[in-house]
Amino acid sequence: MVKVHFKADYALAFGETYELKMGREASIREVFERLCKVFGKKFRLGVYDPEKRQLMGVIVKVGLNSKRAVEDLDMTVSDEDDIVIYPLDLGG
């Protein structure tokens, strides 16, 4: 199960943690596209635009204590990974 952790205002909008069962390795992009279906328009407007296939002013890290932001949304994550989403203005 991939765990997605939302920080700051995103935690207020989507909850602090959401667990997403992927059943296999998946790209971060696939995870975000699934989250678009779960959270709808609010997620598409504030986090990830599936039509443009790009992030909307957020920093994404894999791992709760990671210091590196993800630059490649095609990076694969497994069922045990944590994805952390920060507002860009927090600096991650």
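Helices and strands here are DSSP runs, at least four residues for a helix (H or I) and at least two for a strand (E), numbered from the N terminus. That definition fixes where R53 sits: in the loop between β4 and β5 (54–55). The model on the screen is a predicted one.

I'll stay with R53 for a moment. Its phi is positive, about 60°, although R53 is not a glycine. Most residues other than glycine have a negative phi. At 44% relative accessibility, R53 counts as partly exposed. A8 is another such case, a non-glycine residue with a positive phi of about 55°. A8 belongs to the loop between β1 and α1, and its relative accessibility of 39% makes it partly exposed. A glycine with a positive phi can be seen just after α2, where G40 has about 70°.

Now the strands, starting with β8. Is β8 enclosed or open to the outside? Six of the six residues of β8, residues 82–87, are buried, so the strand is largely enclosed by the rest of the structure. In a regular strand the side chains alternate between the two faces of the sheet. In β8 both faces are covered, with D82, V84 and Y86 buried on one side and I83, I85 and P87 buried on the other.

Which strands pair with β8? One of them is β1, residues 2–6, which runs parallel to β8 and is joined to β8 by four bridges. Within that pairing, F6 of β1 has I85 as its bridge partner. Strand β6, residues 58–62, runs antiparallel to β8, with five bridges between them. There, V58 stands opposite P87. A side-chain feature also involves β8 residue Y86: K61 lies over the face of its ring, at 5.3 Å from the ring centre.

Back to β1. Four of its five residues are buried, so β1 too is largely enclosed by the rest of the structure. β1 also pairs with β2, residues 17–20, in the antiparallel sense and over four bridges. V2 has L20 as its bridge partner in β2.

From β1 we move along the chain to α1, residues 9–14, which contains Y10. With a relative accessibility of 13%, Y10 falls under the 20% cut-off and so counts as buried. What does Y10 touch, leaving aside its neighbours within four places in sequence? The contacts are G15, G46, V47, M56, G57, V58, I85, Y86 and P87. Two names from the strand pairing return in that list, V58 and P87, which stand opposite each other across β6 and β8. As for I59, its C-alpha atom is 12 Å from that of Y10, with the two positions 49 residues apart along the chain.

Y10 also leads to the aromatic residues. How many aromatic pairs does a search of the whole structure find? The search finds ten. One of them is F32 with Y48, an edge-to-face pair at 5.6 Å centre to centre, with 80° between the planes. This pair links distant parts of the chain, since F32 is in helix α2, residues 28–39, and Y48 is in strand β4, residues 48–49, 16 residues apart. Both F32 and Y48 are buried. Ring pairs also link F6, Y10, F14, Y18, F32, F39, F43 and Y48 into a cluster. So the bridge partner of I85, F6, and the α1 residue Y10 belong to one cluster with the F32 and Y48 rings.

On to α2, the helix that carries F32. At 1.5 Å a residue, its twelve residues should span 16 Å, and the end C-alpha atoms are 16 Å apart, which agrees. Where do the buried residues of α2 sit around the axis? Seen down the axis, they fall within an arc of 155°, so they line one face of the helix. The residues in question are I28, R29, V31, F32, L35 and C36. An α-helix has 3.6 residues a turn, so residues three or four places apart point the same way.

Last, S27, in strand β3, residues 26–27. S27 is buried, with a relative accessible area of 10%. Leaving aside neighbours within four places in sequence, S27 is in contact with L73, D74, M75 and T76.

That is the tour. Questions are welcome.

Methods. Residues are numbered from 1 along each chain as its sequence is written. Side-chain values use heavy atoms; hydrogens and water are left out. Buried means under 20% relative accessible area, exposed over 50%, partly exposed in between (1.4 Å probe, protein chains only). Two strands pair if DSSP finds at least two bridges between them. Rings of Phe, Tyr and Trp (its six-membered ring) pair if their centres lie within 6.5 Å; planes under 30 degrees apart count as stacked, over 60 as edge-to-face and the rest as tilted. A charge sits over a ring if NZ of Lys or CZ of Arg is within 6 Å of the ring centre and within 35 degrees of the ring normal. Contact means heavy atoms within 4.5 Å. The expected span of a helix is 1.5 Å times one less than its number of residues. The arc is that of the directions from the helix axis to the C-beta atoms.
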